[in-house]
Amino acid sequence: PEAAASYEADLKEALYRIYVYSRGVASDPPEVTSKMLYVDGVAEPMWRRLPRPKAFPEWLTQEDLDVYVKEFQGAELGFGGGLRYYRVPDINYAATPHLDGRVKVPAFFIGGADDMVIQQFAGGPDGVKPLLEKVCEKLVGSVVLPGKGHWIQQEAKDEVNSHLLRFLTALPQELRDGCRPQWHRRSSL
């Protein structure tokens, strides 16, 4: 609850930094530079540790951000819903022993070279494929797009769609047939 409240207190600024900041973007320095979670007895959120970009990128407008802010404001759990995922990784792992930590279906990874997650957890673009090969039994391929960040599906929508369509159309027909969405009507109560 405390973490969600710290994002919701300045929701527009938090979302602006989370969406817009990426390595190489012209930015003002962050307010919080300490690596400590608590600064002077206060838990400082991740967004206040991000530099503040000086302008919107071409793939995101003020109007887009306003829509995201409105949706978060209207959401029942606000930021709390999304942040809950990060509170229980051990429980998620323990609850899914049948998955064995492996991806068993055909997989294709698309990411941005400037994504802070790729930088932090894979050691950069060159570390992505070796990590994927460890956990994906049927890795069809991967691509890390230079100059793109965490929001790859928005930053490079045409390239992402092209890679996805190539991957999906190359799957055997029986796999494609098995992947069609199964829509069910909700029964009235």
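1. The lining of the largest pocket divides by class into 25 nonpolar, 10 polar and 9 charged residues. Keep in mind that this is a predicted model.

2. The volume of this largest pocket is about 1,600 Å³. It is lined by 44 residues. Closest to the pocket centre are Tyr7, Ile18, Met46, Leu83 and Tyr86. Four helices each give two or more residues to the lining: H1 (2-8), H2 (11-20), H4 (79-84) and H6 (116-122).

3. The second largest pocket holds about 330 Å³ of space. Its lining consists of Tyr85, Val103, Leu132, Val135 and Cys136. By class, that makes 5 nonpolar residues, with no polar and no charged ones.

4. Now the helix packing. Two packed helices are described by the angle between their axes and the distance between the axes. For H2 and helix H3 (residues 62-74), the angle is about 125° and the axes lie 10 Å apart. An angle from 65 to 115 degrees would count as roughly perpendicular, and one over 145 as roughly antiparallel. H2 and H3 are therefore oblique to each other. The crossing of H2 past H3 is right-handed.

5. Which residues make the contact between H2 and H3? From H2 come Leu11, Lys12, Leu15, Tyr16 and Tyr19. H3 supplies Gln62, Leu65, Asp66, Tyr68, Val69, Phe72 and Gln73. Sorted by class, this H2–H3 contact has 8 nonpolar, 2 polar and 2 charged residues.

6. One link between these points is helix H2. H2 gives two or more residues to the lining of the largest pocket, and H2 also packs with H3.

Terms used
Residues are numbered from 1 along each chain as its sequence is written. This is a predicted model: local features need pLDDT of at least 70, side-chain atom pairs count only at pLDDT 80 or more; totals for chains, interfaces and linings use all residues. Side-chain values use heavy atoms; hydrogens and water are left out. On a 1 Å grid over the protein atoms alone, a cavity is a set of points where a 1.4 Å probe fits but cannot get out, and a pocket is an open set with protein on both sides within 12 Å along at least five of seven lines; lining residues have an atom within 4 Å of a point. Grid points are joined across faces, edges and corners, and a volume is the space filled by probe spheres set on the points. Ala, Val, Leu, Ile, Met, Phe, Trp, Tyr, Cys and Pro count as nonpolar, Asp, Glu, Lys and Arg as charged, and the others, Gly among them, as polar. Axes are lines fitted to C-alpha atoms, for helices over the stretch in contact, and angles run from 0 to 180 degrees between N-to-C directions. Angles under 35 degrees count as roughly parallel, over 145 as roughly antiparallel, 65 to 115 as roughly perpendicular and the rest as oblique. A crossing is left-handed if the near helix is turned anticlockwise from the far one by less than a right angle, and right-handed if clockwise. Contact means heavy atoms within 4.5 Å.
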